Amino acid sequence: MDKDVSAGSTTSTLGHLALGLTLLAFGLGHTEVISGVTAANAVSLATYVGGVALFVAGLLAYRADDASTGTAFASLGAFWFTWGVTAGHAMSANAQGLFMLLFAMLALSLTLGAAGSGSMVRASYGALCVALVLMAIASFGGTVGLAKVGGWFAAVGGLLVWYAATAAMGHLPTAMPGRAAGRGVTAAG
């Protein structure tokens, strides 16, 4: 099996673990697949692990001259902290939808800018983007089912980034085994 593992820095591993756990809790809460667990139950984790810890990891990445990781973690930390402290407060559905849509734009920027981060990290940012777009549409239209689908995208994104961080720590594979380009194909002649 190919061991395509990005070792990453300690800061990026910490940040990706924080992002993975927060995104997984946020996503599973929105799916309501676990009896009695809702998105409101992820507020403390989102505020402190996703918000504060991720923001601090972003500052540490900036200090280590890693602007890309610093931008991702600091901005996602701001997202999670803001979501955590405002969740449960009275606001209109349109305001909630706008919040999700604005941060979906951030997630899209992170997805497009994460070329050197590895495919799992890019995929998790992409899954976060899709999740936030679906949740924004659900807020604008009052569609609970669409928010649950968004929760599944968030949960998958959380699992991907959690595994990427775990793989970096444990030197586990992140690439799928495959054929080399052109092998196994014969020309008819």
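Visitor: Which residue follows helix 6, and what is the sign of its phi?

Guide: Helix 6 is followed by His171, whose phi is positive, near 55°. To read such a value, recall that most residues other than glycine have a negative phi. His171, in the segment after helix 6, has a positive value although it is a residue other than glycine. This is a predicted model, in which local features need pLDDT of at least 70 and side-chain atom pairs count only at pLDDT 80 or more, while totals for chains, interfaces and linings use all residues. Residues are numbered from 1 along each chain as its sequence is written, and side-chain values use heavy atoms, with hydrogens and water left out.

Visitor: Where is Glu32 found, and what is its phi?

Guide: Glu32 is found in the loop between helix 1 (10-31) and helix 2 (43-63), and its phi is also positive, near 55°. With a relative accessibility of 44%, Glu32 counts as partly exposed, a class that lies between buried (under 20% relative accessible area) and exposed (over 50%), with a 1.4 Å probe and protein chains only.

Visitor: How many helices and strands are there in the chain?

Guide: Helices (H or I, at least four residues) and strands (E, at least two) are DSSP runs, numbered from the N terminus. The chain has six helices and zero strands, so read along the sequence its pattern is α-α-α-α-α-α. Of its 189 residues, 41% count as buried.

Visitor: What span should helix 6 have, and how far apart are its ends?

Guide: The expected span of a helix is 1.5 Å times one less than its number of residues. For the 27 residues of helix 6 (residues 144-170) this gives 39 Å, and because the end C-alpha atoms are 39 Å apart, the two values agree.

Visitor: Which residues make the nonpolar surface patch?

Guide: A patch is made of residues with over 30% relative accessible area and no salt bridge, where like charges are joined within 9 Å and nonpolar side chains (Val, Leu, Ile, Met, Phe, Trp, Tyr) within 5 Å; a salt bridge is a side-chain nitrogen of Lys or Arg within 4 Å of a carboxyl oxygen of Asp or Glu. Here Leu98, Leu101, Leu102, Met105, Val133, Ile137 and Phe140 together make a patch of about 610 Å². Helix 4 (93-113) and helix 5 (119-141) are the elements that give two or more residues to the patch, and helix 4 supplies the largest share, four residues. Val133, placed in helix 5, counts as partly exposed because its relative accessibility is 30%. As background, an α-helix has 3.6 residues a turn, so residues three or four places apart point the same way.

Visitor: Which partners do Thr69 and Ser75 have?

Guide: Two kinds of pairing help here: a contact, meaning heavy atoms within 4.5 Å, and a polar contact, a pair of N or O atoms within 3.5 Å in which, within protein, one must be able to donate a hydrogen and the other to accept it, residues adjacent in sequence counting only if both atoms are side-chain atoms. Thr69 lies in helix 3 (residues 67-86) and counts as buried because its relative accessibility is 14%. The side chain of Thr69 makes a polar contact with the side chain of Asp66 (2.8 Å), and, leaving aside neighbours within four places in sequence, Thr69 is in contact with Ser12 and Ala61. Ser75, in helix 3, is buried, with a relative accessible area of 17%. A polar atom of the Ser75 side chain lies 3.2 Å from the backbone oxygen of Ala72, and, not counting residues up to four places away in sequence, Ser75 touches Phe103, Leu106 and Leu110.

Technical notes
Accessible areas come from the Shrake-Rupley method with a 1.4 Å probe; for residues, only the protein chains shown count as cover.
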